[in-house]
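Student: I would like a close look at one part of this model, taken step by step. Please keep to the helix packing and the loops beside it.

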Amino acid sequence: LHLKSAAYLSKDWGPPLWEARNREGDEENELFLINYIEICHKNWELLKDVISLGEDDKSNKNKMTKWIKDLNHIRNWTAHPAHGVLTTEQIDKVSELYSKVIEHFPHIP
């Protein structure tokens, strides 16, 4: 998600402005995966068709963004080696989410 956001911003602003703002440490450069839940909730009407990953009932924002929370948990697990290796279930969840994101997120040309 962060890479997609960065790509959209750099495309809209142009490389020089994006690079300058990226070096300045603006807030959008300090987002964590978990921050996207709040962003999605605040912009639900704009993002619900993508973030819901193909689910039919898009009315429950918390349910539709739970996958971000789950992925963040797995991301935190991998970022702290003391937790050990990922379980088979965690690996399967990441693979499933990857497939859904590829299917439902708009592609940047």
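Student: How are H6 and H7 oriented to each other, and why?

Tutor: The model is a predicted one, and the description below applies to it as such. Helix H6 covers residues 66-79 and helix H7 covers residues 88-104. Their axes come within 11 Å and cross at roughly 130°. Angles of 65 to 115 degrees count as roughly perpendicular and those over 145 as roughly antiparallel; H6 and H7 are therefore oblique to each other. The crossing in which H6 passes H7 is left-handed. On the H6 side, the contact is made by Trp67, Asp70, Leu71, His73, Ile74 and Trp77. H7 contributes Gln90, Lys93, Val94, Leu97 and Val101. By character, the residues of this contact divide into seven nonpolar, two polar and two charged.

Next comes the loop that leads into H6. Thr65 is found between helix H5 (61-64) and H6. With a relative accessibility of 2%, Thr65 counts as buried, because the cut-off for that class is under 20%. Leaving aside residues up to four places away in sequence, Thr65 touches Ile37, Cys40, His41, Trp44 and Ile51. With one of these, His41, Thr65 also shares a side-chain to side-chain polar contact of 3.0 Å.

Several of these partners recur in another helix pair. Helix H3 (residues 35-42) packs against H4 at an angle of about 120°, and their axes are 6 Å apart. That angle makes H3 oblique to H4. The contact is made by Ile39, Cys40, His41 and Lys42 of H3, together with Trp44, Leu47 and Ile51 of H4. Its residues divide into five nonpolar, one polar and one charged. Cys40, His41, Trp44 and Ile51 thus appear in the contact of H3 with H4 and among the residues that Thr65 touches.

The loop after H4 deserves a separate remark. Leu53 is found there, between helix H4 (44-51) and H5. At 6% relative accessibility, Leu53 counts as buried. The backbone of Leu53 has a phi near 50°, a positive value in a residue other than glycine. For background, most residues other than glycine have a negative phi.

To return to the question, the angle of roughly 130° between the axes of H6 and H7 is the reason that the two helices are classed as oblique. Thr65, in the loop between H5 and H6, touches residues including His41 and Trp44, which take part in the contact between H3 and H4.

Technical notes
Residues numbered from 1 in each chain as written. Predicted model: local features only at pLDDT ≥ 70, side-chain atom pairs only at ≥ 80, totals over all residues. Heavy atoms only, no water. Axes fitted to C-alpha atoms, helices over the stretch in contact; angles between N-to-C directions. Helix = DSSP H or I, 4+ residues; strand = E, 2+ residues; numbered from the N terminus. Parallel < 35°, antiparallel > 145°, perpendicular 65-115°, else oblique. Left-handed = near helix turned anticlockwise from the far one by under 90°. Contact = heavy atoms within 4.5 Å. Nonpolar A, V, L, I, M, F, W, Y, C, P; charged D, E, K, R; others polar. Buried < 20%, exposed > 50% of the residue type's maximum accessible area, 1.4 Å probe, protein only. Polar contact = N/O pair within 3.5 Å; in protein donor to acceptor, adjacent residues only side chain to side chain.
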